[in-house]
Amino acid sequence: MEENCKNCMEQKLKKEMEEILQVYQPEKDNLIQILNEVQEKYGYIPKLAQMQIADYLKIPLAEVYGVITFYSRFTLQPKGKYNISVCLGTACFVKGSQAILDRLKSKLQIEEGQTTPDGKFSIDSTRCVGACGLAPVFTVNNEVYGRATVKTLDEVIEKYKNREE
Amino acid sequence: MKTMQEIEEIRNRKRKELELRVNTNVGTREKHILVCHGTGCTSSKSEQILANFKKIIQEKNIENVRVIKTGCFGLCAKGPIVIIRPEDTFYAMVTPEDCEEIIQTHIVENKIVERLLCKDIEGTVVKKLDELNFYKKQKRIALKNCGVINPEDIDEYIAFDGYKALEQVLLQNNPDEVIQTIADSGLRGRGGAGFPTGKKWLFTKQAEGKQKYVVCNADEGDPGAFMDRSILEGDPHSVLEAMAIAGFSIGANKGYIYVRAEYPIAVQRLRIAIQQAEKYGLLGEHILGTNFTFTIEIRLGAGAFVCGEETALLESIEGRRGQPRVKPPYPANCGLWGCPTLINNVETFANITRILLKGAKWYASIGTEGSKGTKVFALGGNVNNIGLVEVPMGTTLREIVFDIGGGIPNNRKFKAAQTGGPSGGCIPEQYLDTPIDYENLSKIGSMMGSGGLIVMDDTKCMVNIAKFYLDFTVSESCGKCTPCRIGTKRMLEILERICEGNAIEDDLEKLEKLAHTIQKTAICGLGQTAPNPVLSTMKYFRKEYEEHVKQYTCKASECKALAKIQINPEKCKGCGMCKRVCPAEAISGEPGKTHHIDQDKCIKCRSCIQKCPFKAIGDAG
Amino acid sequence: MPEQKQVTLTIDGTKITVKEGTTILEAAKQAGIDIPTLCFLKEINEMGDCRMCIVEVEGRKGFATSCIQKVEEGMVVKTNTPEVLEARRTLLDLIISNHSKDCLICTRSGNCELQALAIKFHIQDIEYPGERTKHVIDDKSPAIVRDFEKCILCRRCVGACKNVQKIGAIDCVGRGFESCVSTAWDSSLNDVDCTFCGQCIEACPTGALKEKDSTKDVWKALKNPDKVVIAQTAPAVRAALGEEFGMPIGTNVTGKMITALKKLGFYKVFDTNTGADLTIMEEANEFIERFSKNEHLPMITSCSPGWVRFAEKNYPELLDHLSTCKSPHQMFGAIVKSYYAQKYEIDPNKIYMVSVMPCIAKKYECSRPEMEVDSLRDVDAVITTRELARMLKQANIIFEELEDGTFDSPMGEATGAGAIFGTTGGVMEAAIRTVADTLEGKSLKQIDYEAVRGGKGIKRATVSIQGKEIKIVVASGLANARTIMEEIKQGKADYQFVEIMACPGGCVMGGGQPIKSSKIRREVDVRKLRADCLYSIDEKSTIRKSNESPVMQELYREYLGRPGSKMAHKLLHTSYQKQEKYKI
């Protein structure tokens, strides 16, 4: 049963990937564009997708992996339902964003790039989201929280924790 | 597809319609409500504000009012910003709930909503944009259209002389003259290094090769810099037009814009702009009925700072890891897929049409001997008016920080300003009156960079700041060449030792030596300039480094490990045990009274902390 | 042809005129000046990453990268100013700071380019010690061991794998200090598209990549009184083994090698060239059969196990084209354990067959499950040329001074055709000699096929036999193999017989051969020197066609019957099957 289910998932992914790929010419310079799209769609780049991309663009899988691990936007693990990203751009850093990141890590008991065991939260840091006027800033998925303090962070985490599925 | 004549008709018609945007004395009953849609204001719900205005106007059936989304006004600290034209009323920190009142009071009753007006630092209430000190010393060339036009409407761009420069260039059909004009204007690359733009165009034109490319570098990665983003968000066509002109001048028919995927709004507006330009025949085949073909493709970056380096950017466009190439050969000769390639950054391109329309002489009259025109800075950090400013080259740091920026918040003291991001340096107080241009900044150990300008007050530890930048470089190093991959890591480790109080005096010398080696041996600009924040802080704040190393103190208390050891007067019973155990005779105090640690004598052995029976001694802060 | 422009420049005060387009490094060499390099490997990795080759060029802000940057007219270069030397020393210090320091127990000690530089710069302590990147050793595959604690990120291996072989099993992954050379998802080489050609090992300047050592097994067998330990040596080994003892590249050391093996205690020393003759007998027969029936053409040789693994992983639908012949040493092992054992009344279970090979894929090949007959493994251990040299050194054998020995009878007398198996084009030439004789029904005199000789990656020729034209192709290196396979796949192949060897240049340049430094590879055509050695052995041989070998004639008469017989199939042929490219 479980095996079957896994198979279904793989088939589905394969089909979706084919749809994504057919938009692009099978040329190497499309690699990063494709990866961006897959990352956007799945929140990470599944292994099977990597193999399909390598096959389609006729480039070695190791190279695809090399590119994925080079660019920080690409991830190999699914992110949490709520990805909290703290800006560590200079403007935010000077205004104390490091303390917010530290608090976040201790509050959720995970490190940057990790996801909580329940899959609800993940943490990363970013370099300038461009809202320097609101520094320090953190984002939850696409929502921006400006002029942040450790206290507002706590409140926001509580808010998402209590949010119904 | 439109002919030149049709474009001209749009220009004339639209210009009349939009006169109220730039002229407060225009006799019209119409009003335009401009809502800033830069990333900063969008983050604080300006889209909702726009929607609310539209809804209310519709509901109330109010005539002669239009609501327009614009690019960044610059004063991000006061966002979301709403401006009403033609009277130029400036409302700051507007919330979606304020819309009702603005419509009712301002539009219907023709009275100003006083509570939403902006206060200057001195407390004076300011009604108009121009009255703000923030705008007084600015000169907007690259940002000319930002906050004036709707970036998603090509007609509005055309109204303000948009695509006129391209038209002229195509009609005159003299690429050499275009390049000469750019050269005569004295424009230099705004991406960082300041290479003369005219020369770059000339080199690419002269390079042998049938296929050539124009690339716009919009991979603005400096933490705390958002000049390019604001231009793309506020005036995307100015970049497209300039790229087409560049293509015509150097003989290229294909352009790429490499932009950070982290700039979704900019990307979206670029997409719309390209689409609109293609529809009008301003991009694509037979542009404006001529034989010139030029297409532009967007390429998204994926989160690698090093891709702002031109050859790394090329590698990335080609679909590889963004690892820089050894130069020479330069992209002008051997760029994208080995073809001659012209790479300019967004702000550089944004100046092109203005230069061509107003002349090289006009542009060259602005600025200093070696640096012409204006420069956009993203002003941030410990300064009141955080935002985007465009000033003539030669403006002093003091003018930017204090006159435009409104000084330091909370009455703190200015300590340093950082320009050039991770490639730049920290400028101390003594250079506040230095006119800012390429040469001067480099003379004082910093660089222009792309335009990040971070102000730091006296609560900042400069060693910690240097560490922050180096930490950035280490995590953004591509890992290709030895000095950057391992060297910057070793520099960071030494800085960490310094901040943790584990360094010895030798380390400072080693740090400097390694920094110089990296500067001279790294392959690309990122590596070569990575040591700058360390070297400049070591030069101007050497004392702080020495305090960390010799006295194990961080006076700003930012380096946790070096925070001062202090006695809590509320817990101290004056038993004197600490005084007796102290090997440095740093503790004084009468029996039975609160004791005190002399920080200059304390050697951080922490014996007193262990000895105190009342847990009265500990790290400060 | 227009005359190439000349450029005059000054290097360390010496004026020199060189061709336009010459690198500063090359120009310096011509001026007699040696600039140190580390990441540079001619035509394989020309990136300028390590920065060791930096020099000063007057008027330039930073240093120039001499290994890739070209000379310019009037250039003034300084290669040894105190600033340059200090910078190089610091760079070296940084590289070593992130490198293992257990040189004493490293396979490359004494032949390590990093160690050589450390000695040159007299590095005695590390000025910039610090955190080291951590890696797990990958020794899962039967052929290659990766120890990336010793990797210096020069990426020469990536150049060899990705740019030369066009495999790309390894690449640079990660970023910054954490970046390293790795496989997809950091899997073992065993589980990805690596073919075990071993070109990465040949490219590596340090001990980060090495063959899986089998000498311990061989020592153990030699020590065991119950084992009859027999050696066979591949053609390419004799053209290179001498290098490990300071002899010039391409010296023929056949005789010394035999004596040395005997001194190590091998019971018999046979020649894999005889196995090659056997391969030709079978393969020529197989080709004639397919050619006459026009079946599964073109037929492709199957002696190169790296190539076979490549085909199984990349072109499973075309495996029919591969000859079913085992490679020479496997055939030979099977014959020794059957025919030879029977004839000389030795219990085949006691025979321990050791192949000395220029190849590390052979280690993998001999471990393939199908490489056995009646539960007897064809070959028990494969050691490389390098490993043999190590064993000889351990045994205090003064190789240079040994008397020449001869291979043992009856399996020792091989033909010249067997000898040239070790170079690209050799298998084809040997096969065509026998095919021609067989089809023509007489012994032909013209047996040198120059068109398939030389270092070109793909060689195409047409031979006319019995009025029929046979189009042949010789490809060496997997990039070229791929080109040929794509032609076949797309139905564009108009040829009938193809020789493919995984290593560029063939076995003489195999992954088990002595490792030559970047400097030597820059200055000398190693392939040609080693190949010339084999062609000269062929030329000097009295018998130069496998079909005229008395050993073959006796073997077929006494045991196998005729080529392609049932017995021959049982012992000498194999089959192929699709392999998943990635086992993940």
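Confidence within chain A of this predicted model varies from helix to helix: the lowest value falls in helix α5 (residues 90-94) of chain A, with a mean of 78, and the highest in helix α4 (residues 61-70) of chain A, at 97. Over the whole of chain A the mean pLDDT is 88, and 96% of the residues score at least 70. As a general caution, predicted coordinates should not be read in detail where pLDDT is low.

Chain A meets chain B through a contact in which 32 residues of chain A face 39 residues of chain B. On the chain B side, the elements giving two or more residues are the helices α2 (39-43) and α13 (310-317) and the strands β11 (374-381) and β15 (452-457) of chain B. The chemical character of this side of chain B is mixed, with 16 nonpolar, 17 polar and 6 charged residues.

Chain B itself is divided into five parts, namely domain 1 (16-131), domain 2 (161-364), domain 3 (374-460), domain 4 (463-550) and domain 5 (564-619). Between domain 2 of chain B and domain 3 of chain B, the distance separating the C-alpha centres is 27 Å. These two domains touch through 15 residues of domain 2 of chain B and 16 residues of domain 3 of chain B. On the side belonging to domain 2 of chain B, 4 residues are nonpolar, 6 are polar and 5 are charged.

A closer look at one residue of chain B is worthwhile here. Y431(B) sits in the loop that links β14 (425-428) to α17 (438-443) of chain B. Despite this loop position, Y431(B) counts as buried, because 20 other C-beta atoms lie within 10 Å. Leaving aside residues up to four places away in sequence, Y431(B) touches L397(B) and I444(B). L388(B), by contrast, lies 43 residues from Y431(B) along the chain, and the C-alpha atoms of the two are 22 Å apart.

Chain B also contacts chain C, with 25 residues from chain B and 28 residues from chain C taking part. Helix α2 (residues 82-97) of chain C supplies the largest share of the chain C side, at 6 residues. Sorted by class, that side of chain C holds 12 nonpolar, 11 polar and 5 charged residues.

Turning to chain C as a whole, its secondary structure consists of 19 helices and 19 strands. The radius of gyration of chain C is 25 Å, close to the 25 Å that the globule rule gives for 584 residues, so chain C is as compact as a globular protein of that length. Along the principal axes, the C-alpha atoms of chain C fill a box of roughly 75 × 60 × 50 Å. Of the 584 residues in chain C, 54% are buried. Contacts between residues far apart in sequence are well represented: among those in chain C joining residues at least 6 apart, 74% link residues at least 24 apart.

The domain division of chain C gives domain 1 (6-80), domain 2 (96-211) and domain 3 (215-572). The C-alpha centres of domain 1 of chain C and domain 2 of chain C are separated by 27 Å. Contact between this pair involves 9 residues of domain 1 of chain C and 12 residues of domain 2 of chain C. The contacting side of domain 1 of chain C comprises 7 nonpolar residues, 1 polar residue and 1 charged residue.

Key. Residues numbered from 1 in each chain as written. Chains lettered and ligands numbered in written order. Predicted model: local features only at pLDDT ≥ 70, side-chain atom pairs only at ≥ 80, totals over all residues. Domains from an automatic or database assignment. Contact = placed C-beta atoms within 7 Å. Nonpolar A, V, L, I, M, F, W, Y, C, P; charged D, E, K, R; others polar. Helix = DSSP H or I, 4+ residues; strand = E, 2+ residues; numbered from the N terminus. Buried ≥ 20, exposed ≤ 12 C-beta atoms within 10 Å, placed from the backbone. Rg over C-alpha atoms; globule rule 2.2 N^0.38 Å. pLDDT = per-residue confidence, 0-100.
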